[in-house]
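The following exercises concern one protein chain and its fold. Please work through each task before reading its solution.

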Amino acid sequence: METGNMNSSSTPNKSKSQLPLQEKLIQRRNSKENLDRFIPNRSAMDFDYANYMLTGKENPPTSSSPSREAYRKQLAETFNMNRTRILAFKNKPPTPVEAIPSDFSSAAHQVKSAKPRRHIPQTSERTLDAPDIVDDYYLNLLDWGGSNVLSIALGHTVYLWDASDGATSELVTIDDECGPVTSVKWAPDGRHIAVGLNNSEVQLWDSTSNRLVSVCDYIWFVIFQEIKYSTLFSLQLRTLKGGHRSRVGAMDWNNHILTTGGQDGLIFNNDVRVRSHIVETYTGHDQEVCGLKWSASGQQLASGGNDNVLQIWDRSMAASNAPTQWLHRLEEHTAAVKALAWCPFQSNLLASGGGAGDRCIKFWNTHTGSCLNSVDTGSQVCSLLWNKNERELLSSHGFTHNQLTLWKYPSMVKMAELTGHTSRVLYMAQSPDGCTVASAAGDETLRFWNVFGTPEVAKPAPKTKSEPFSHLNRIR
């Protein structure tokens, strides 16, 4: 069982005329220049040619035809026999040797075209204060929306931080009898946000107007979002209640379905478009649900609980009139399962992380329920995030090092360890472009890490040559 709430509320430089330790460029005279004697180098001389030059020209042929004389001159030019110097005083220059053999020229070209290794900054690029953040392993108090606005719950108040200009605003402050805030989750539209409370209720807020959204509001927004309809009519407050019996610590969206997990071990699918919002119920956890993640396709749901159980649910098996049976019940973890992350490049691959008594990251094939790999990280796994652009996984940890670790998948070789937090890093959120990661910890700081780099700009697809008569319908 994991530990839950641990929160208790330079000298100036002197100018010099010359810089020291600078290499002085002095023109040196060559030791071989200005010699007083000229001694021939026998190894550089051609004695056969020297003998020819000394003896051959003394007895020239008495008579020769013009064709023979032309042949003799061409032969002399070919074998370089028109030289006049006999003695040699210097060695011949060595034959130049290629630094890289021509056989490896193509391989060298391929090496140059290889992708350079990405630089991973070891320190956070920005640090913000996060006073009164609840140090509770089972809660989810940080999320980054599609409109590039980050939401964080600090005690009873939810704040919004706009990453584009750094502006901060207060969304809502919850009363003492209802709070504190136990979870936050942005809707896919990047405008609406769900706020889970300690009293088992969930509020749906419009971040642009800082007010609760009614059922009619949401319907009007869905209808008119294509034409950017800006005026919504508030008829009643939108608060989801009547389902959970205790705090709501985990939430996730699947289009218009808001899935909530509570301390009571129950999971509800809430259709926020209708008044009777509970449309499906998932039962299977014996203790608090602390992790919820829908797959990208919206077909499978992963849930983790304090009962050390990871469960996979299939949307096609859901029933409105009866509790839904899980697809897979996975009990390999030996501590609470909070950290969950679906792989962006393989739809049926799920990563899960265990608490302090487990310390493992496990990888699952959610179609078969088999465990593909398990890695002992050595410390409590609090959160997991996949890199959207590379095959990498980022994990945040608690006891004992309070670090963020970047892993290369599937080898699970450590690429970097990011340190700076002085308490367990409970919450992580990823920017919409997938480059920056925000982390919040019990040390009451919010840090931003440029850990995933900059995504490559996609090259435009080459224009295909249109086929003649392509606008005409084909018979076959």
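**Exercise 1.** What percentages of helix and strand does the chain have over residues 418-451, and how many Å apart are the end C-alpha atoms?

Solution. The model is predicted: local features need pLDDT of at least 70, side-chain atom pairs count only at pLDDT 80 or more, and totals for chains, interfaces and linings use all residues. Residues are numbered from 1 along each chain as its sequence is written, and side-chain values use heavy atoms, with hydrogens and water left out.

Step 1. Residues 418-451 are 0% helix and 41% strand; helices (H or I, at least four residues) and strands (E, at least two) are DSSP runs, numbered from the N terminus.
Step 2. The end C-alpha atoms of this span are 9 Å apart.
Step 3. An unreviewed UniProt entry lists residues 418-451 under "repeat: WD", together with 174-215 and 282-314. UniProt positions are given in the numbering used here, feature names are shortened, and annotations may be inferred rather than shown by experiment.
Step 4. Residues 282-314 are 0% helix and 58% strand, with end C-alpha atoms 10 Å apart.
Step 5. The whole protein has 4 helices and 29 strands.

**Exercise 2.** Locate Ser423, and determine whether this residue is buried or exposed.

Solution.
Step 1. Ser423 is in the loop between β26 (413-418) and β27 (427-430).
Step 2. The relative accessible area of Ser423 is 15%, so this residue is buried (buried means under 20% relative accessible area, exposed over 50%, partly exposed in between; 1.4 Å probe, protein chains only).
Step 3. Leaving aside neighbours within four places in sequence, Ser423 is in contact with Asp135, Asn402, Ala441, Gly442 and Asp443, where contact means heavy atoms within 4.5 Å.

**Exercise 3.** Identify the backbone features of Thr400, Pro410, Met412 and Ser200.

Solution.
Step 1. Recall that most residues other than glycine have a negative phi, and most peptide bonds are trans.
Step 2. Phe399 and Thr400 are joined by a cis peptide bond with omega about 15°; Thr400 is in the loop between β24 (392-397) and β25 (404-408).
Step 3. A second cis peptide bond, with omega about 5°, joins Tyr409 and Pro410. Pro410 is in the loop between β25 and β26.
Step 4. Met412 also lies in the loop between β25 and β26. Its phi is positive, about 55°, although Met412 is not a glycine, and its relative accessible area of 8% makes Met412 buried.
Step 5. Ser200, likewise not a glycine, has a positive phi of about 85°. This residue is in the loop between β7 (192-197) and β8 (202-206) and is buried, at 14% relative accessible area.

**Exercise 4.** Which residues line the largest cavity, and how do they divide by character?

Solution.
Step 1. On a 1 Å grid over the protein atoms alone, a cavity is a set of points where a 1.4 Å probe fits but cannot get out; lining residues have an atom within 4 Å of a point.
Step 2. The largest cavity holds about 60 Å³ of space; grid points are joined across faces, edges and corners, and a volume is the space filled by probe spheres set on the points.
Step 3. The lining consists of Ser200, Val202, Leu240, Lys241, Gly242, Gly243, His244, Thr260, Phe268, Asn270, His277 and Ile278.
Step 4. These residues divide into 4 nonpolar, 7 polar and 1 charged. Ala, Val, Leu, Ile, Met, Phe, Trp, Tyr, Cys and Pro count as nonpolar, Asp, Glu, Lys and Arg as charged, and the others, Gly among them, as polar.

Conventions. 1 Å grid on protein atoms, 1.4 Å probe; cavity = no way out; pocket = protein on both sides within 12 Å on 5 of 7 lines; lining within 4 Å.
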